[in-house]
Amino acid sequence: MTDTVTDRKTKKLNVAIVGGGLVGSLEALYLAKKGHRVSLYEYREDIRKTPQVRGRSINLALSVRGRQALRDVGVEDHIINHHGIPMRGRMIHRPDGSTYEIPYDSRTNQCIYSVGRNYLNSILLKESEKYINMERHFNHKLSEADLSKGSLTFLKTETYEKVQVTADLVVGADGAFSAVRKALMKKPLFDFSQQYIEHGYLELFIPPGDDDGFQMPPNYLHIWPRGNFMMIALPNQDCSWTVTLFMPFKNFALIDTEEKLLTFFEKHFKDSISLFGEKRLIKDFFSTKPSPLVAIKCRPYHVSDKALIIGDAAHAVVPFYGQGMNAGFEDCTILDQLFTKHDDDLARILAEFSETRWRDTFAISDLAMYNYIEMRDLVTRPSYRLRKKIDDFLFWLMPELWVPLYNSVTFSTMPYSQCVKNRQWQDKVLRIAMMLFIFVLVCVVIAMKMS
Ligand code: FAD
Ligand code: EGU
């Protein structure tokens, strides 16, 4: 018995990671740090050489779960101090152009960070150069997989050569349309669901101002909530903004001329036109097609002791909680803890990950989908703002006991399913409190009438 344990400790695993996006390149670091032999295979070209090539800077909101993972692999400081832009609250833009702010955490001043996707990806890949036990292969597209055997076939996109690889462990981090997941789908008892929403998204850009500075206050996530559609802006390092417009595809289709576009923006996002500049707005809007948004749930995430999917490959969520990447990074943290707990015993590690992780990824998926429906107009409704005030007050009063939903999702590492459970009992408490309040009020009124 003890023999096999020591064997495992000294035996380094051959791991093949499919997908060198955010989650794949992070997982590679975690495993390389543990001393395993890691080979990373990425479909696209090497982003370290050309971080600017694919479009302009697209950014994401990084919060506590993602930061924890970056800290574990030693790049958090660099990302936070040299790159990320803190966003301390939301700046809501009303249709008339006036704004107001809702801070993220007025109690302890925690904030989220706007980080460039390509930049972050690049840093994670560069960090891996420090490990001699790690190889990177770009322009490699997974075309076939026999997961039970750990064998993979890649097509080299430049030469059309086929490359055959066998590994002790295959990690699929190849995104929402994962080829590794496709291989998993053929396994019996594999559950899968995918849901496209009626909204698509389109990215627009606000350039730096004439003074080369930000044209809007930079330390906010800017939101233009407009009922059935919404616009959101995150700051970039170069003082520009990446703006994402979410709208039903059928509404995108209705805007087919420059006049209609300007009329639409005049009506709904008037204050933003001068920031974009009319010409640029027209050019950006018509040069890209809106992209679809999909939510994918599946389970189990593994095949015996041989293969596992993580990140968007395992759980793509709609972006309305800013948690997709954060949840994918958290997968890597949890996996790392399981490697320690089970002493590199893959069968146990993968089984436990599969059995425990899905409840939390399903929970964040549901939260994000719920928010998709609610958030578009909710932030502007008085009832939402009242609830938020009550939440914040109770949080201030008893920070250990009453943690509002978005605080627990964004600023804690509490399991997502626990965040949902918390919210459910909080709703119950508030409902009962409200009923008691009304009851007492009625009693008082009756008592006054009678006296
Ligand atoms: P990906 O980033 O998709 O990477 C997958 C990689 O695998 C890619 O590099 C791809 O080239 C490669 N690949 C694919 N197929 C193959 C193959 N056959 N062979 C080899 N390689 C392959 N999350 C947040 O936390 N905060 C946010 O603010 C946020 N905003 C978002 C806004 C929008 C509009 C969208 C759509 C998403 C947002 N997300 C956000 C979610 C986030 O983008 C994803 O969760 C995250 O990118 C997932 O990382 P990943 O590495 O799993 O997948
Ligand atoms: C959507 C697209 C504001 C980046 C949800 C908040 C998002 C992001 C919110 C995108 C919203 C919505 C939260 C964060 C974040 C808010 C959050 C959404 C980043 C509930 C680049 N969302 N997003 N909620 O609270 O918890 O500010 O594309 F508009 S960050 Cl939809 Cl915290």
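Student: In this predicted model, how far does a backbone N or O atom of Met325 lie from an oxygen atom of ligand 1?

Tutor: The pair joins an oxygen atom of ligand 1 to a backbone N or O atom of Met325. A polar contact requires N or O atoms within 3.5 Å. The separation here is 2.9 Å.

Student: How much of the area that ligand 1 exposes when taken alone does the protein bury?

Tutor: Ligand 1, taken alone, exposes 1,000 Å². The share of that area buried by the protein is 85%.

Student: Which elements give two or more residues to the shell around ligand 1?

Tutor: The shell around ligand 1 holds 28 residues, and Glu42, Arg44, Ala61, Arg117 and Asp312 are the closest. By class they are 13 nonpolar, nine polar and six charged. The elements that supply two or more of the shell residues are α2 (22-33), β3 (59-62), β9 (140-146) and α11 (324-341).

Student: Which residue has a side-chain N or O atom 2.7 Å from an oxygen atom of ligand 1?

Tutor: Tyr43 has a polar backbone atom 3.2 Å from a nitrogen atom of ligand 1, so this pair falls within the 3.5 Å limit for a polar contact. The pair in question instead involves a side chain and an oxygen atom of the ligand, at 2.7 Å. The residue is Asp312.

Student: Which element gives the largest share of the largest nonpolar core?

Tutor: In soluble globular proteins, nonpolar side chains tend to be buried together. The largest nonpolar core here has 70 residues, and Leu26, Leu70, Leu120, Leu147, Tyr301, Ile310 and Phe329 touch the most other members. The largest share, eight residues, comes from α2.

Student: How many residues are in the other core that lies apart from it?

Tutor: This second core includes Leu221, Ile223, Met369 and Leu405. The number of residues in it is 33.

Student: Which residue has a polar side-chain atom 2.6 Å from an oxygen atom of ligand 2?

Tutor: Ligand 2 is surrounded by 18 residues, of which the closest are Arg90, Tyr104, Pro319, Phe320 and Asn371. A polar side-chain atom of Arg90 is 2.8 Å from an oxygen atom of this ligand. The residue with the 2.6 Å separation is Tyr104.

Student: What percentage of the area of ligand 2 does the protein bury?

Tutor: Ligand 2 exposes 610 Å² when taken alone. The protein buries a share of that area equal to 94%.

Terms used:
Residues numbered from 1 in each chain as written. Chains lettered and ligands numbered in written order. Predicted model: local features only at pLDDT ≥ 70, side-chain atom pairs only at ≥ 80, totals over all residues. Heavy atoms only, no water. Near = heavy atom within 4 Å. Polar contact = N/O pair within 3.5 Å; in protein donor to acceptor, adjacent residues only side chain to side chain. Areas by Shrake-Rupley, 256 points an atom, 1.4 Å probe, with all protein chains shown as cover. Helix = DSSP H or I, 4+ residues; strand = E, 2+ residues; numbered from the N terminus. Nonpolar A, V, L, I, M, F, W, Y, C, P; charged D, E, K, R; others polar. Core = buried A, V, L, I, M, F, W, Y, C linked by side-chain atoms within 4.5 Å. Buried < 20%, exposed > 50% of the residue type's maximum accessible area, 1.4 Å probe, protein only.
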